[in-house]
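Thank you all for coming; before I begin, please take a moment to open the sequence and the model side by side, since I will be moving back and forth between them.

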Amino acid sequence: MDPRTILSLDPPARRRLWEQVVAEIESYHAGLPQAAVAPPVDLARVRALLDSVDPGRPLAPAAAVDFVVRGLRENLVHVAHPRYFGLFNPTPAAMSVAADTLAAAFNPQLATASHSPFPVEVERWLIRAFAGRFGYAPEAADGTFAGGGAEANHTAVLTALAHAFPLFRRRGLRALDRQPVLYVSAQSHHSFIKAARACGLGDEAVRRVPADGDLRLDPSALAEQVARDRAAGLAPFLAAATAGTTSAGIVDPLAELAAVAQRERLWLHTDAAWGGAAVFAPELRPLLAGIERSDSITFDAHKWLSVPMGAGIYLTRHPGILGETFGISTEYMPRLDPERKAAGAGPARAEPPDPYTHSIQWSRRFIGLKVFLALATAGWEGYAAVIRHQAAMGDLLREELAAAGWRVVNRTRLPVVCFVDGSGARAGGSAPAGEGAPAAGGGQEEAAFLEAVARAVVACGEAWLSTTRLAADLPVLRACITSFRTGPEDVRALVGALERARRQLRGMERL
Ligand SMILES: *Cc1c(COP(=O)(O)O)cnc(C)c1O
């Protein structure tokens, strides 16, 4: 065996490998609408399959690829399926799949600008482009790519700490004489809790502000809670708004929250991981009015921009804050040529900061390429059309559900639909969820019924959707238009499957 070709294969074998992989990708994507969205889970089968592999007896490349493709096809919730109505996981854009392959093949090191001048400038170009779309002044804004929204939210907590507490970076939380606290709504993403743990703040530093009847973070409740906490000797430093909550697609009142944050001297972070894409469709843009007043924004390209995971983005209108938070200097990381540095003087040619001095990650892949190739080819207009289409499919789903006797309980124009059985047979129940809240039948029995409906729909292979709770007494079914491939026929297939599940479950109950 020639050690130089063990991992690279020889040219003919390599060509066969690329051809096989490309053929598999094309056949997967072309055949997906005919496949079950979620094949039955059988862990014993998966483990038996893996037990048949023995690195003591290596496989031929073609057999190994066949093995993996079969494993993926048969043992996966197919999130790229047009009838996957799930958790913000998109059908990946073709250009982005190509981009991820190129990124893996060239394997650029995104820690330093000197190693990767083109990739680093591509990502800076994207940060400026997105910053502008969100209403920041592109030349004054800054940002970084991240693994996903959780890392971007973690970045937000760290930058807000660095901003509020100049001692934090050098001497840590122990140097502070008061406990820092941050504010989220009851509907916020739970990554803020993990971020608080990772920052050494702890769960109790995350203050959950009550939502209003439409599940939006209530600005006056926020102001009151801040006042109470200050009186109790705590140090409020950050409020996190959400533009498109995970459960219900709710957009918090961003402009009003910005006013409270400004008055209370809090860093305002807007978590627009999924819903941020609404700014690309002019008719949906007003839903996010005020987002430009946030100090920072989380936006996940791997959600509604349909690039493969993971592509988180953290944006800020404070150009120095990432360097203040993450700046570090080493002897071993290569720098740009100092002579070129001098020649390139002037703001337009200023040195880009090395990404490792600007973010949580160190060595990392070229995350921005899959965003760049999709945006460069679809264009803003293309993305506007995609987002408009998915929003329209959300509207259609709301209509079809209402016509079939389901009751939609979340108020949003974004394509996440939370609903309960409104046909009367099951809609009995407990107290309403709160003042002016979307009332629904609460209770254990209702939750069990909705879960059974979701399980039956998933088991028939026809579609995938899930359940969640919008309040302790408000269990709901949740369906999101996550795929740009979803059409009216897919929406109707979902509603048909729901109808069959409801009838079947009622029939069984009578026995
Ligand atoms: C998905 C999501 C996150 C977490 O993002 P990941 O990319 O999964 O790390 C955070 N906030 C909101 C609102 C989300 O929808």
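Let me start with a question: is Trp125 buried, partly exposed or exposed? This is a predicted model, so what I say is computed from predicted coordinates. With a relative accessible area of 40%, Trp125 counts as partly exposed, because that value falls between the cut-offs of 20% for buried and 50% for exposed.

The partner of Trp125 is Phe372, and the two rings make an aromatic pair of the edge-to-face kind, with 5.3 Å from centre to centre and 75 degrees between the planes. Trp125 belongs to helix H5, residues 117-133, while Phe372 belongs to helix H13, residues 368-403, so this pair ties together parts that lie 247 residues apart in sequence.

Stepping back to the whole structure, a search finds 14 aromatic pairs. Among them is the pair of Phe88 and Trp274, which is stacked, with the centres 4.4 Å apart and 10 degrees between the planes. Here too distant parts of the chain are linked, since Phe88 sits in the loop between helices H3 (61-74) and H4 (94-106), and Trp274 in the loop between strands E5 (267-271) and E6 (296-300), 186 residues away. Phe88 and Trp274 are both buried.

Aromatic residues also gather in a group, for Phe130, Phe134, Phe280, Phe299 and Trp380 form one aromatic cluster. Over the face of Trp380 lies Arg133, at 4.0 Å from the ring centre. Elsewhere in the model, the charged end of Arg502 is placed over the ring of Trp406, 4.3 Å from its centre.

Let me turn now to the helices. Helix H9, residues 219-231, packs with helix H10, residues 254-264, at an angle of about 20 degrees and with 9 Å between the axes. That angle is under 35 degrees, which means that H9 is roughly parallel to H10. The crossing of H9 past H10 is right-handed. In the contact, Pro219, Leu222, Ala223, Val226 and Arg230 of H9 meet Glu256, Leu257, Val260 and Glu264 of H10.

For a second helix pair, how are H2 and H3 oriented, roughly parallel or roughly antiparallel? Helix H2, residues 43-51, packs with H3 at about 175 degrees, the axes being 11 Å apart, and H2 is therefore roughly antiparallel to H3. The residues that meet there are Arg45, Leu49 and Leu50 from H2, and Phe67, Arg70, Gly71 and Glu74 from H3.

Technical notes. Residues numbered from 1 in each chain as written. Predicted model: local features only at pLDDT ≥ 70, side-chain atom pairs only at ≥ 80, totals over all residues. Heavy atoms only, no water. Phe/Tyr/Trp six-rings, centres within 6.5 Å; stacked < 30°, edge-to-face > 60°. Helix = DSSP H or I, 4+ residues; strand = E, 2+ residues; numbered from the N terminus. Buried < 20%, exposed > 50% of the residue type's maximum accessible area, 1.4 Å probe, protein only. Lys NZ or Arg CZ within 6 Å of the ring centre and 35° of its normal. Axes fitted to C-alpha atoms, helices over the stretch in contact; angles between N-to-C directions. Parallel < 35°, antiparallel > 145°, perpendicular 65-115°, else oblique. Left-handed = near helix turned anticlockwise from the far one by under 90°. Contact = heavy atoms within 4.5 Å.
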